[in-house]
Structure formats: structure tokens, C-alpha cells
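Take a moment to turn the model around on your screen before reading on. We'll walk through it piece by piece, starting with one helix.

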Amino acid sequence: KEIQCEQKLGHDPTEDARAALELAQFFIEQGPTKVAELNLEMLLTAEKLAEVSQNKAALQPQGCGFQEQLNEPPPLSKPCFLDCLQVTGQKPLLLGRQGLDSSGLCQSNLSTSNKQILQRALEDVPLSKFSIIEFSLGPEYLASHLHAGLYEKVRSKLTDMLTIYAGPFEENFCMKSVKKEFGRCGPIQSFTVVTETFQPYVCIQYEVLEAAQLAVESLNGAEVAGSSIKVQRPVTAAMLDCSVLIKELELDVENEGVIYVAGLKKSLTETDLQEEFSQLKDLETLFLPKDLQSGKHRNCCFLKFQKSQSAVDALEAINGWTMKGSELRSRNALAPGHLWRWIWQMNHSNGKQGKHIFYEKMEQLSSCEQDLRKKVKKLDHHIKKLYRSLQNNTLCIVLFPGVNSTHGSQSGLGLMGIKDDEGRSAC
């Protein structure tokens, strides 16, 4: 669609606004992947047409123009990114166990082991502008039940990160007041009393990671229901590096300029919140999560700011802020939305119903799964060694395909970052 055509005189802002709205609607309906494909296709098609024109001009006799268009270029097939690199003289490097492409794009670099692939990659990646290195665990380790075991491990760790224990309380403490106090940190998935201890404790499982972390930070050592309590996560081997993970999530570029706000009354609408938070500087977006089953919004929201410093200033202003009788609590965001969508898809594809909170624990690993763990650990070492060898300021994308990914039966996960001058990556 063309706008601001030559036939019209002057600039029409209404036309611009309408076109922008249609573009936004297209983006929402088709998704970012489709838009990116269309833009890339348009770019590569233009480059190929330019190349064809240059070749025709070189073949024309001196002094002869294009008065007769007798030899039009044949219809272009869907352009390939690797073809485009080849045309510009930037031969891509593709390394993997399986045969890749016999069109000449690949060098003869088929290997029989991940170790051989790594050695070849360490030599050739620095010489290539664009490289694809494919490691594999082998077909014997691609069974869905083995992947399910790995997914279960991820679920188990996330469950522990979403869970906190609080206490001790007096024998006849008021559970309603305790639940209300911890509910101000965010939406609660489950609330149970632990009675196996000398004095009662409570086990609380939150729906979002920010709520659990906020409870640990704000209520540990506080007086709740007449008792001075301790708030902590489960003490397990998987949780020993929890503080490190929390810090890494805070530094994730996806969470830059985003803060989490809890303690909202459910009677507040999105319009109410927009009005209340409009005084915050550089506020760009407000996201109010909803329950997937009831459609009701949660007692928390996320605020995204145009500048990181504005988010820092907003944190100081919001903590202790009273909004229609509710005292708000806030902290930096921890988990980007796509992480929860990925977890929900894994849960849904395994036939489990309900929300994205997982109760299952890892069963004892079989000998086959123990072998898989060793294989994955060695593969992780290969990837780490290859990453360290990359030049600074290199864009690095690591893809973890899902089960039977060619048929799209289960989603995978991707990490992306740029290796900076100090050899670190903000993924």
C-alpha cells in the first residue's frame, strides 16, 4: 500500500495514522516472524534484481541501451539468505554431522563427532562472516521421554524458585492475615500450612517469580501475625545458585527498563492504573496480567519505561505508594513474558491442564538418562569453548530445538547475545 502519493498535495497526518494502525493490526495478527520474513524477502529480492540488472548491463554492447525488453529476468523464486551471502562473496560456513546442502554453499566439512566439529569450528569460524555450527546428541538420545525428563528438571527448579517458606508462627496464628500480607507481594498459586515442625510454618507458591523474590526481600525478618518470621526458599541442591540466577535475570536486556508492581486492588481497572501512573516520567507501556481461565486481572502489573534511569526513579517513588487504600510494592522485573509462554506450551503439549505452576518432582534417573546427562554436559563444554573463541562484538545465537521440532510438536528455546569487549554476553 502506498501513502503520500505524488497525486496528493501536502501532507495528510490522518493518512499516516490510518496506515500505522493497519500496520500494527497486521503485526498483531501475523506476528513478528511473518513481518521479519516479508522484510527480508523484500530486501533480498531487491538485491537480486540489482544483481541481474548489473549482469545484463555488463553483457550489453557498448552504446546499447535497454530500449527493447526482450530478455526479461525469469520470475524469482523465494530468495535464500545463504544464496545472498554467496552472491556477495561471503561464503557461509556450515558444520554438522548430517549432509547439509549440495548446492555449493557448504564446504566439505562433514564430521562424525561433536569433537571434530568443534575443532573445525575453532579453525574456520574466525575466517567466516556467517557460521552455523550444529552439534547433536545423536538419534538415540532424541526420544521424547528423555526430553520430558529434562523439561521436568526445568519445571522442578522453577517450582522451587516460585516457592517460599515462612515462619515460625504461634500455634493458633491467623492464616487469613498471613495470606493477605504475602498476597500483597503478588498472585498466590497455593497456600498450605506445614505442621511437621515444632512450630507451624506456611508454604506459599506464587505465580510469578517477581512475587516470590519480593516476599523474600520485604518480609524476611518482619513481624507478621504477631511473630517475627524468616522467609526463605526451599534448601535444595538446585537452589544453591538461586541468588546468582536472580541477579542474571535482573541484568537480562529483556528486563531493562521494566519494573514489577504488586499490591493492586482487583477493583482497579487498566484505565485507573494508566491515570495513577501517568505522573511517572517516560512511562511507555503498562501490562496487566489476567487469569487465563476466569479472565480477571491479577493484583500486579508490569511497567516499561523508555529509559532505564526512569525505571530506577519509579521504583523509589512507587515503594510505599498508597493507591486507593493499598500500599504498593515494587522491584525490577525478572522473567520476560516469552519464558512463561514457553513453559506453558511445554506443559500444555505434555497433556497437563491448568496454569503454569508445576508440582511434579524429578524421579530417579535411569541409566540411560544418566548417560544423557553426561552427554549434555560434554556438549555444553563444547559450546562454551567455541563461544570463548569468538571475536568480540560477535552476535551469537544458541538454539535449543524442541522435541520433533520439524513437525512443531513442542517448542524449543533460543538465547541471543553480543559478546562484548570483556568476553561477556547479555543474553
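On the face of helix H6 that is turned away from its buried side, you'll find the exposed residues Lys176 and Lys180. "Exposed" here means over 50% relative accessible area, "buried" means under 20%, and "partly exposed" is in between, using a 1.4 Å probe and protein chains only. Helices (H or I, at least four residues) and strands (E, at least two) are DSSP runs, numbered from the N terminus.

This is a predicted model, where local features need pLDDT of at least 70 and side-chain atom pairs count only at pLDDT 80 or more, while totals for chains, interfaces and linings use all residues. Residues are numbered from 1 along each chain as its sequence is written, and side-chain values use heavy atoms, with hydrogens and water left out.

Back to H6, which runs over residues 175-183: which of its residues are buried? They are Val178, Phe182 and Gly183. These residues sit on the same side of H6 because they cover an arc of only 130° around the axis, the arc being that of the directions from the helix axis to the C-beta atoms. And what lies over that buried side? The cover includes strand S3 (163-167), strand S4 (188-194), strand S5 (201-206), helix H7 (209-219), strand S6 (223-224) and strand S8 (230-232).

Just past H6 comes Arg184, in the loop between H6 and S4. In general, side chains of opposite charge can pair when their charged atoms come close. A salt bridge is counted when a side-chain nitrogen of Lys or Arg is within 4 Å of a carboxyl oxygen of Asp or Glu. Arg184 makes one with Glu181, where the closest N and O atoms are 3.2 Å apart. Arg184 also makes one with Glu327, this time with 3.8 Å between the closest N and O atoms. Glu327 lies in strand S13 (residues 326-327), so this pair ties together parts of the chain that are 143 residues apart in sequence. Arg184 counts as partly exposed, at 23% relative accessibility, and Glu327 is partly exposed too, at 42%. Add Arg329 and you have a network of salt bridges linking Glu181, Arg184, Glu327 and Arg329.

The structure holds 8 salt bridges. Another one of them joins the side chains of Arg120 and Asp124, at 2.4 Å from N to O. Both of these residues lie in helix H4 (residues 114-124), 4 residues apart, which is about one turn of the helix. Arg120 is partly exposed, with a relative accessible area of 27%, whereas Asp124 is buried, at 15%.

Now for the rings. A pair of aromatic rings is described by the distance of the centres and the angle of the planes. Rings of Phe, Tyr and Trp (its six-membered ring) pair if their centres lie within 6.5 Å; planes under 30 degrees apart count as stacked, over 60 as edge-to-face and the rest as tilted. There are 4 aromatic pairs in the structure. One of them is Tyr260 with Phe302, a tilted pair at 5.4 Å centre to centre, with 55° between the planes. The two partners come from distant parts of the chain: Tyr260 is in strand S9 (residues 258-262) and Phe302 in strand S11 (residues 300-305), 42 residues apart. Tyr260 and Phe302 are both buried. Ring pairs also bring in Phe287, making a cluster of Tyr260, Phe287 and Phe302.

Follow the chain to the loop between strand S10 (283-287) and S11, and you'll meet Lys296. Is Lys296 buried or exposed? Lys296 is exposed, with a relative accessible area of 61%. Lys296 and Lys266 are 30 residues apart in sequence, yet 8.3 Å apart in space, C-alpha to C-alpha.

Let's move to the surface. Leu395, Ile397, Leu399, Met416 and Ile418 form a nonpolar patch there, with about 550 Å² of accessible area together. Patches are made of residues with over 30% relative accessible area and no salt bridge, with like charges joined within 9 Å and nonpolar side chains (Val, Leu, Ile, Met, Phe, Trp, Tyr) within 5 Å. Accessible areas come from the Shrake-Rupley method with a 1.4 Å probe, and for residues only the protein chains shown count as cover. Strand S15 (395-400) and strand S16 (413-418) each give two or more residues to the patch, and S15 gives the most, with 3.

Finally, zoom out. The protein chain has 12 helices and 16 strands, and buried residues make up 34% of its 427 residues.

Technical notes: Contact = heavy atoms within 4.5 Å.
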